[in-house]
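Got the sequence and the fold up side by side? Here's a walk through some helix packing and a few backbone oddities.

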Amino acid sequence: MMSSTPTLDEVARTAGVSRSTASRAINGGSRVSPEAQQAVDDAVARLGYSPNRAARSLVTRRTDSIALVVPEPDERILNDPFLSGTLRGVNAALGASDLQLVLVMARPGDSSGRIARYLQSGHVDGAIVTSHHREDGLESALLDTRIPSVFVGRPFDDSDTLRYVDMDNVEGGRTAAQHLIDRGRTRIATVTGPLDMTAGVDRFTGWRSAVEGAGLDAGRVEHADFTREGGAAAMRRLLDVAPDLDAVFVASDLMASGALRALREAGRDVPGEVAVVGYDDLGIAANAATPLTTIRNPVIELANLATHTVLALVADDTPPAQTSFPVELVVRESS
């Protein structure tokens with residue numbers, strides 16, 4: 001007589017196979033004939049058997065979990081729309097699977113070593129890395145391990161070994177600046193993102209190429225940290241050193257919201273006196289006091305694609321090494 005909770009032994013007896021064959025068939029192991037696999041599948045369905053996840057992990061050597069690695073302090077994750085959009089995209093892609101999402105965050109002063117050790121220790125089957133910095137150690141750590149991984153955003157390492165998904169941030173910065181030039185602005189400033197991140201470097205590079213290509217001064221530059229407060233402080237510095245500016249490209253919408261506040265406090269009309277273009281289009285742009293012209297950054301789509309790429313790598317498929325999304329300018333009242 002069978003117990004109320006079916007066991008692996010009962011599945012094996014019902015299927016007419018050995019216990020080890022039943023275990024391999026249920027848990028995804030190899031060396032199971034099609035006939036035995038079908039017999040075990042039928043027995044599982046008849047008995048209502050639920051596999052033991054720990055046993056399955058022993059057979060498959062998988063943890064059934066994917067890490068989202070964010071080498072940023074927790075206040076950034078809670079307040080940055082780019083990072084919350086990334087989390088939504090990853091979670092949506094995992095929704096149809098049984099895999100668990102593990103969020104791995106930085107600790108102040110200890111982002112690289114701790115995270116690298118965690119990824120190298122077999123705690124997860126794959127990793128998605130976003131908001132990475134040049135010195136956080138993650139690129140070299142992932143090059144040294146076999147764990148399937150994808151970066152959301154171009155890594156600094158330009159080899160074909162590290163996979164990533166991204167948009168064309170150089171073209172995004174160029175498009176933003178060209179839009180301001182086409183609006184007749186001639187004294188165009190920029191607030192860059194951190195230059196230890198490829199997004200900050202690439203958007204600045206695109207802005208500068210368009211401004212210099214138009215024969216304009218590309219010296220009105222301040223750097224910030226992709227935060228609202230950083231954008232406001234950088235805008236104030238720009239107004240101090242370049243009070244004649246008539247336009248500014250701010251390399252994220254969160255920073256641009258701070259820049260708009262600083263311009264209001266300084267009594268500058270937007271867009272009459274100063275036209276503003278941001279970057280991301282993640283909700284904050286459309287809802288700003290002056291709706292913000294911006295470059296659309298398809299963050300949710302990027303994160304979704306990165307997740308599917310990792311899942312394909314875990315399954316030993318071979319997705320493309322790099323994927324880049326096109327640029328889209330969204331024009332609103334700020335320019």
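What follows covers three helix pairs, one enclosed helix, some unusual backbone spots and two exposed residues.

## Ground rules

This is a predicted model, where local features need pLDDT of at least 70, side-chain atom pairs count only at pLDDT 80 or more, and totals for chains, interfaces and linings use all residues. Residues are numbered from 1 along each chain as its sequence is written, and side-chain values use heavy atoms, with hydrogens and water left out.

Helices (H or I, at least four residues) and strands (E, at least two) are DSSP runs, numbered from the N terminus.

## Helix 1 against helix 3

Two packed helices are described by the angle between their axes and the distance between the axes. Axes here are lines fitted to C-alpha atoms, for helices over the stretch in contact, with angles running from 0 to 180 degrees between N-to-C directions. Helix 1 (residues 8-15) packs on helix 3 (residues 34-47) at an angle of about 120 degrees, and their axes are 8 Å apart. The pair is therefore oblique; angles under 35 degrees count as roughly parallel, over 145 as roughly antiparallel, 65 to 115 as roughly perpendicular and the rest as oblique. The crossing of helix 1 over helix 3 is right-handed (the near helix is turned clockwise from the far one by less than a right angle; anticlockwise would be left-handed).

Who touches whom? On the helix 1 side you'll find Glu-10, Val-11, Thr-14 and Ala-15, and they meet Ala-39, Val-40, Ala-43, Val-44, Arg-46 and Leu-47 of helix 3. Contact means heavy atoms within 4.5 Å. By class, this contact has seven nonpolar, one polar and two charged residues. For those classes, Ala, Val, Leu, Ile, Met, Phe, Trp, Tyr, Cys and Pro count as nonpolar, Asp, Glu, Lys and Arg as charged, and the others, Gly among them, as polar.

## Helix 6 against helix 13

Next up, helix 6 (residues 81-94) and helix 13 (residues 299-314) pack with axes 7 Å apart, at an angle of about 45 degrees. That makes helix 6 oblique to helix 13, and helix 6 passes helix 13 in a right-handed crossing.

From helix 6, the residues in contact are Phe-82, Gly-85, Thr-86, Arg-88, Gly-89, Val-90, Ala-92, Ala-93 and Leu-94, and helix 13 brings Val-299, Ile-300, Ala-303, Asn-304, Thr-307, His-308 and Leu-311. The class tally for this contact is nine nonpolar, six polar and one charged residues.

## Helix 9 against helix 10

Helix 9 (residues 169-182) and helix 10 (residues 198-213) have axes that come within 6 Å and cross at roughly 40 degrees. Helix 9 is oblique to helix 10 as a result, and the crossing is right-handed.

The helix 9 residues in this contact include Asn-169, Arg-174 and Gln-178, while those of helix 10 include Asp-202, Arg-203 and Trp-207. By class, the contact of helix 9 with helix 10 has seven nonpolar, six polar and three charged residues.

## Helix 12, tucked away

Helix 12 (residues 253-265) has 13 residues, which at 1.5 Å a residue should span 18 Å, and its end C-alpha atoms are 18 Å apart, so the two agree. The expected span is 1.5 Å times one less than the number of residues.

Of its 13 residues, 10 are buried, so helix 12 is largely enclosed by the rest of the structure. Among the buried ones are Asp-253, Met-255, Ser-257 and Leu-263. Buried means under 20% relative accessible area, exposed over 50%, and partly exposed in between (1.4 Å probe, protein chains only).

## Backbone oddities

Most residues other than glycine have a negative phi, and most peptide bonds are trans. Just after helix 12, Gly-267 takes a positive phi of about 75 degrees. The peptide bond from Val-270 to Pro-271 is cis, with omega near 10 degrees, and Pro-271 sits in the loop between helix 12 and strand 9 (275-280).

Two residues that are not glycine also have a positive phi: Ser-131 at about 60 degrees and Asp-280 at about 140 degrees. Ser-131 lies in the loop between strand 3 (126-130) and helix 8 (138-143), and Asp-280 is in strand 9. Ser-131 counts as buried at 7% relative accessibility, and Asp-280 is buried at 7% too.

## Two exposed residues

Thr-5 is in the segment before helix 1 and is exposed, with a relative accessible area of 57%. Thr-5 and Gly-48 are 43 residues apart in sequence and 8.4 Å apart in space, C-alpha to C-alpha.

Glu-229 belongs to helix 11 (residues 228-241) and counts as exposed at 53% relative accessibility. From Glu-229 to His-308 is 79 residues in sequence and 34 Å in space, C-alpha to C-alpha.
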